[in-house]
Amino acid sequence: MDGDAILARLRERLGARVLHTHAQGGDHTAVLTREAVPEALAICRDTADLRFDLLVDITAVDYLRFPGREDGPRFEVVYHLYSVPHNHRVRLKTQVEEDDAVVPTATGLWPIANWLEREVWDMFGIRFAGHPDLRRLLMYEEFVGHPLRKDYPIDRRQPLIGPKV
Amino acid sequence: MGVGAFFTSKLDDAIGWARKFSIFQYPFVTACCGMEYMATACSHYDVDRFGAGLPRFSPRQADVLFVVGTISHKMAPVLKRVYDQMCEPKWVVAFGVCTCTGGFYNNYATVQGIDTIIPVDVYIPGCPPRPESVIDGLMKLQEKIATGTQRF
């Protein structure tokens with residue numbers, strides 16, 4: 001199934017909850033409302049001719065002070081999906097504001113979403129509603145802040161942690 | 001000079017000479033510098049010439065802690081614990097720029113030099129250091145071991 005057909009299928013199933021779609025350099029992307037994310041992911045995984053059985057990555061982008069996007073939502077959460085049987089890919093995105101940075105979890109659909117969402121929480125401070133164990137994944141517990149946010153100072157030093165006794 | 005003083009200074013020399021040729025290292029290898037460490041340890045450069053040919057993988061059996069590679073904040077407590085577990089006398093070698101100063105990693109995750117955690121005796125800069133610089137550092141460490149006050 002080619003990318004345009006995948007996006008057409010998503011628009012047909014989700015209607016206006018697909019905010020817009022684009023294909024840049026062969027990367028087909030659908031931008032969704034936050035509430036539509038769990039349903040969209042379930043459609044992608046379970047529809048027979050889509051069958052996105054592999055959640056490749058969940059990541060996020062911080063658009064703070066990004067030229068041309070100063071007044072839009074600050075964060076964008078990106079889902080990369082791949083279908084092993086059909087050999088096709090799609091990207092789903094959703095935008096969240098800084099003071100309401102919560103996205104529904106995908107852990108019920110793909111178990112790997114557990115760690116991927118923990119990484120996004122760790123690095124960007126975006127929460128995932130319904131996640132069973134939302135702790136930091138890469139940084140240690142005593143770490144303060146979320147280092148991949150654009151307003152995290154690049155040369156900030158955190159206090160060293162001692163051996164656990 | 002009394003008889004005792006003569007014996008003590010010569011005994012220090014003898015022990016220093018023995019200690020500098022029995023460097024049992026603990027390789028704390030975390031990153032790419034490990035490759036250069038292995039190259040140095042193998043037959044081309046042969047650190048066994050300096051009595052440093054036997055790495056011990058228990059800090060209790062080691063004399064020298066070789067910190068080889070980037071140390072992150074998350075790893076820092078582990079390094080400190082390994083250092084604390086080593087028996088006296090002990091020495092520390094910072095291998096590569098990451099351990100010396102943090103290297104080019106000026107970011108949220110990297111310790112800016114292991115001397116912020118543990119005392120360091122010899123710094124070997126380089127990214128990674130050539131085996132020749134490692135051997136140079138090792139010889140400087142031998143000199144330091146041999147000429148220092150021997151406690152036993």
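Two strands pair if DSSP finds at least two bridges between them; strands (E, at least two residues) and helices (H or I, at least four) are DSSP runs, numbered from the N terminus. The model shown is predicted: local features need pLDDT (the predictor's confidence in each residue, from 0 to 100) of at least 70, and side-chain atom pairs count only at pLDDT 80 or more, whereas totals for chains, interfaces and linings use all residues. Residues are numbered from 1 along each chain as its sequence is written, with chains lettered from A and ligands numbered from 1 in the order in which they are written.

**Chain A, overall arrangement and confidence.** Chain A contains three helices and seven strands, arranged along the sequence as α-β-β-α-β-β-β-β-α-β. Taken along the principal axes, its C-alpha atoms fill a box of roughly 55 × 40 × 25 Å. Of its 165 residues, 25% count as buried, a residue being buried if 20 or more other C-beta atoms, placed from the backbone, lie within 10 Å of its own, exposed if 12 or fewer do, and partly exposed in between. Among contacts in chain A with a separation of 6 or more, 49% join residues 24 or more positions apart; a contact requires C-beta atoms, placed from the backbone, within 7 Å. The mean pLDDT of chain A is 90, and 98% of its residues reach 70 or more. Within chain A, the element with the lowest mean pLDDT (90) is helix 1 (residues 3–14), and the one with the highest (95) is strand 3.

**The five-stranded open sheet of chain A.** The strands of this sheet follow the order 1-2-5-4-3, with mixed pairing. Its edges are strand 1 (18–24) and strand 3 of chain A, each of which pairs on one side only. From one strand to the next, the twist averages 20°; angles run from 0 to 180 degrees between N-to-C directions, with axes fitted to C-alpha atoms, for helices over the stretch in contact. Helix 1 of chain A packs on the sheet, where it touches strand 1, strand 2 (27–32) and strand 5 of chain A, and its direction makes about 180° with that of strand 1. Within the sheet, strand 4 and strand 5 (residues 88–96) of chain A pair in the antiparallel sense over nine bridges. A:V77 has A:T94, in strand 5 of chain A, as its bridge partner.

**Helix 3 of chain A and its packing.** Helix 3 of chain A comprises twelve residues (113–124), which should span 16 Å at 1.5 Å a residue (the expected span being 1.5 Å times one less than the number of residues); the end C-alpha atoms are 16 Å apart, in agreement with this value. Buried along helix 3 of chain A are A:A113, A:L116, A:E117, A:R118, A:V120, A:W121, A:M123 and A:F124. The buried residues of this helix pack against strand 3 (54–62), strand 4 (75–83) and strand 7 (127–129) of chain A. Helix 3 of chain A lies across strands 3 and 4, running at about 10° to strand 3 of chain A. A:G125, with a positive phi near 75°, follows the helix.

**The four-stranded parallel sheet of chain B.** Four strands of chain B form an open sheet in the order 1-2-3-4, paired in the parallel sense. Strand 1 (25–29) and strand 4 (122–124) of chain B are the edge strands, each pairing on one side only. The twist averages 15° from one strand to the next. Helix 5 (residues 131–147) of chain B lies across strand 2, strand 3 and strand 4 of chain B, at about 175° to strand 4. Chain B averages a pLDDT of 88, and 94% of its residues score at least 70.

**Strand 2 of chain B and its neighbours.** Strand 2 of chain B is largely enclosed by the rest of the structure, because five of its five residues are buried. B:V64, B:F66 and B:V68 point one way from the strand, while B:L65 and B:V67 point the other way. Strand 2 (residues 64–68) pairs in the parallel sense with strand 3 (residues 91–95) of chain B over five bridges, and B:V64 has B:W91 as its bridge partner. Parallel pairing over five bridges also links strand 1 and strand 2 of chain B, with B:F28 bridged to B:V67.

**The contact between chain A and chain B.** Twelve residues of chain A and eleven residues of chain B take part in the contact. The side of chain A that touches chain B has seven nonpolar, two polar and three charged residues; Ala, Val, Leu, Ile, Met, Phe, Trp, Tyr, Cys and Pro count as nonpolar, Asp, Glu, Lys and Arg as charged, and the others, Gly among them, as polar. For the complex, the predictor gives an ipTM of 0.74 and a pTM of 0.81.

Technical notes:
Contact = placed C-beta atoms within 7 Å.
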